[in-house]
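User: Please take me through this model by question and answer. Keep the answers short.

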Amino acid sequence: MVDYAAVYGQWQQAPEAYWAECAKLIDWDVPPTKIFEPASGPYGAWFPGAMLNTSFNCLDRHVKAGHGARVALIWDSPMEGRLEHITYSQALARVEKIAGALAALGVTKGDRVVGYMPMVPEAAFTMLACARLGAIHSMVFGGFAAPELAARINDAKPKVIVAASCGLEPGRVVAYKPILDMAIGLSTHKPSACLIFQRNAARATMVAGLDHDFIEAEAAAAPHAPVSVLATDPLYILYTSGTTGRPKGVVRDNGGHAVALNATVEMVFGVKPGEVLWAAADVGWAVGHSYIVYAPLLAGVTAVMYEGKPVGTPDAGAFWRVAAQHKVKTLFTAPTALRAIKQQDPEGKLIANYDISGCQALFLAGERCDPPTAIWIQELLQKPVIDNWWQTETGWPITARFLGLGLTAFKPGSGGRPCPGYDVHALDDAGELLAPGTIGNLSIKLPLPPGCGPTLWENEQGYRNAYLNSFPGWYRTGDAGMVDEDGDVWVMGRTDDVINVAGHRLSTGTMEEVLAGHIDVAECAVIAKADALKGEIPFGLVVLKAGCNRDPLDVQRELVALVREKIGPVAAFKDALVVPRLPKTRSGKILRATMRKIANGEVVAVPATIEDPAVLEQITAAFAGR
Ligand code: COA
Ligand code: AMP
């Protein structure tokens, strides 16, 4: 077997030759003649001038190669009690017609389509149908509330929105359509049409002249052929949290994305065509885009789409049931899901009920896997447990272990070695390289490899400001961590106000904006509190306006409801505390890190810059009094 060091070395010595080889595994309408153009965009462009269609590469080419009967997607929904196996031929037939339905609504190359969909095959087909037309999809996670959806509609300006009538959460039906209607009401940009996928659990009331039934439109449509696009044309926009209230629209291009994702399936995840890859994530997040939809289908493997939870659907054995039943070769999830399983089945007894001998490894991403959880599951499974570090911006792992390259050593707490394509270092705040083992700003030497977001939607300057301007020649990830003596990368936390709640990336700044909007709040701070299940949860500290003598508990309840209404249940904002004052430096900066330590019961040294040390005592007393 080729080994990791050899392949990483090949890439280091001749990066363009490395990517030119990977590009040969993609079907191009106009093959690349130039691999990289450094002068385009914020840091360059991959495969400029080459042309392809991503949906053709995901579907048509496998059918043309005689694999139409192979299963492309297994939809397993304990929420609906349904199981479907959809072959590559069937998926192609549906995507051709859904593309036709979108085209009939006026969608053409370059138009945006926003998707607000739960975990149903139609979500994946909508993405692929957009790709077929050269249109740009932007999927929005169902746990976001109307104002967040509206912000994305305003930024992406979709011609059409595709939504389901509802999502299914344990114990409740989330009616998406009223949220969509409210979002369209809030947004200044209005779509010209909506395609509504009706689910029986909550059928949507249709708006005459705007809404069209998804299934009827699909049935009436003529199949649409793939539209050839430039490798550098956008495939999708995926919004993620940044440090400002405005979500960042990470753009993904077509060519680099296809080349890079296709290359990872066997090299990183060790899955070959015809085998099964299951990413237990949501299509609304980057992992879902890449490893439920695009990467498996590009590589001709079978993807699993699971509409359920790690626990409660019906029990903590759900993951092992799915892995056994569908002969999953590689399982990929977030550490928070394992912690949920561990809480309910600490000895892993339910694993023994299923034959998961065919499952070769467990991949974890979305947040740092805490060593106790990693060790717990590794001892139970006796299989490689592989932490891999990435971001919405990169779209595929920056670091990992490599099943296809024989590098699987278990090193709990570490995110693994850089994937070929990434040169990762820790830098100090002046941008100087740090010695191995020293924590700093994890940064990637430019250019980023193919598949990484080349820019932000209609905000190239925002991209430069957020990622490139701090350290010239480097992409700043926003994560703090180190590279150890072995070359393994350790990701320890964020350097900004982004927090990671149950593997979901959220901005405390956005939550602070919501709290500050409450009529009784004078000032506030949202900090990350450690949580045994979700890793981190947001926690609000608020100072009431002078003269406000309302019961603090009432205000706290209203604040929790307000964040749910403005951002959504996904924020998991469940607690706030009214305090007399917030600790600040003499220059007026709120000491969030100090409050976080107090909230987490850590020992706090009084910062030298503090304006009034007595405030810390008040905060400590307020936490102690709960
Ligand atoms: N649509 C609507 N609401 C949603 C939703 C969706 N797609 N997904 C989650 N929510 C809601 C939940 O119902 C919950 O609502 P509640 O406050 O009424 O209980 C809230 O958002 C928070 O959800 P979540 O963070 O998922 O917490 P949970 O307590 O329901 O479940 C876990 C905890 C650990 C089981 C769950 O977070 C999980 O499976 N996480 C894995 C995350 C993951 O795969 N991330 C991908 C990154 S790789
Ligand atoms: P997202 O863009 O939602 O995928 O979130 C990306 C962020 O999640 C990263 O910048 C990290 O802070 C965190 N993250 C993702 N994967 C890991 C990992 N394996 N280890 C540590 N942090 C991670």
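**Ligand sites and sheets**

Analyst: This is a predicted model. In it, an N or O atom in the side chain of Lys-534 is 3.0 Å from an oxygen atom of ligand 1.

User: How much of the accessible area of ligand 1 does the protein cover?

Analyst: On its own, ligand 1 has 950 Å² of accessible area. The part covered by the protein is 83%.

User: Which residues come nearest to ligand 1?

Analyst: There are 24 residues around ligand 1. Glu-169 puts a polar side-chain atom 2.6 Å from a ligand 1 oxygen. For Arg-172, a side-chain N or O atom is 2.9 Å from an oxygen atom of ligand 1. The nearest residues are Glu-169, Arg-172, Lys-534, Arg-564 and Lys-574.

User: How do the residues of the shell around ligand 1 divide?

Analyst: The shell holds seven charged residues and five polar ones. The nonpolar residues number twelve.

User: Now ligand 2. What is the distance from its oxygen atom to a polar side-chain atom of Gln-391?

Analyst: Two other polar pairs help to place ligand 2. A nitrogen atom of the ligand is 3.1 Å from a polar backbone atom of Gly-366. A side-chain N or O atom of Asn-500 is 3.2 Å from an oxygen atom of ligand 2. For Gln-391, the distance to a ligand 2 oxygen is 3.0 Å.

User: What share of the area that ligand 2 exposes when taken alone does the protein bury?

Analyst: Taken alone, ligand 2 exposes 490 Å². The share buried by the protein is 92%.

User: Which residues come nearest to ligand 2, and how does its shell divide?

Analyst: The shell around ligand 2 has three nonpolar, five polar and six charged residues. Of the 14 residues around this ligand, the nearest are Asp-387, Thr-392, Asp-479, Arg-494 and Arg-505.

User: Which strands are the edge strands of the open sheet of seven strands?

Analyst: The order in this sheet is β5-β4-β17-β16-β18-β19-β20, with mixed pairing. An edge strand here pairs on one side only. The edge strands are β5 (82–87) and β20 (385–387).

User: What is the average twist from one strand to the next in that sheet?

Analyst: The sheet is open and has seven strands. From one strand to the next, the twist averages 20 degrees.

User: Which residue in β5 stands opposite Val-71?

Analyst: Strand β4 covers residues 71–77. β4 and β5 pair in the antiparallel sense over six bridges. Opposite Val-71 in β5 stands Thr-87.

User: Which helix packs on this sheet, and what angle does its direction make with that of β16?

Analyst: The helix is α10, residues 286–298. It touches β4, β16 (276–279), β17 (302–306) and β18 (328–333). The angle between the directions of α10 and β16 is about 165 degrees.

User: Why is one side of β23 and of β26 left without a neighbour in the sheet?

Analyst: The open sheet of four strands has the order β23-β24-β25-β26, with antiparallel pairing. β23 (424–427) and β26 (489–494) stand at its edges, so one side of each is left without a neighbour: each has a single partner strand.

User: Which residue in β24 stands opposite Ala-426?

Analyst: β23 and strand β24 (residues 440–445) run antiparallel, joined by four bridges. Opposite Ala-426 in β24 stands Leu-442.

User: At what angle do the axes of helices α1 and α2 cross?

Analyst: Helix α1 spans residues 4–13 and helix α2 residues 15–23. Their axes come within 5 Å. The crossing angle is roughly 115 degrees.

Notes:
Residues are numbered from 1 along each chain as its sequence is written. Chains are lettered from A and ligands numbered from 1 in the order in which they are written. This is a predicted model: local features need pLDDT of at least 70, side-chain atom pairs count only at pLDDT 80 or more; totals for chains, interfaces and linings use all residues. Side-chain values use heavy atoms; hydrogens and water are left out. A residue is near a molecule or strand if one of its heavy atoms lies within 4 Å of it. A polar contact is a pair of N or O atoms within 3.5 Å; within protein, one must be able to donate a hydrogen and the other to accept it, and residues adjacent in sequence count only if both atoms are side-chain atoms. Accessible areas come from the Shrake-Rupley method with a 1.4 Å probe; for residues, only the protein chains shown count as cover. Ala, Val, Leu, Ile, Met, Phe, Trp, Tyr, Cys and Pro count as nonpolar, Asp, Glu, Lys and Arg as charged, and the others, Gly among them, as polar. Two strands pair if DSSP finds at least two bridges between them. Helices (H or I, at least four residues) and strands (E, at least two) are DSSP runs, numbered from the N terminus. Axes are lines fitted to C-alpha atoms, for helices over the stretch in contact, and angles run from 0 to 180 degrees between N-to-C directions. Contact means heavy atoms within 4.5 Å.
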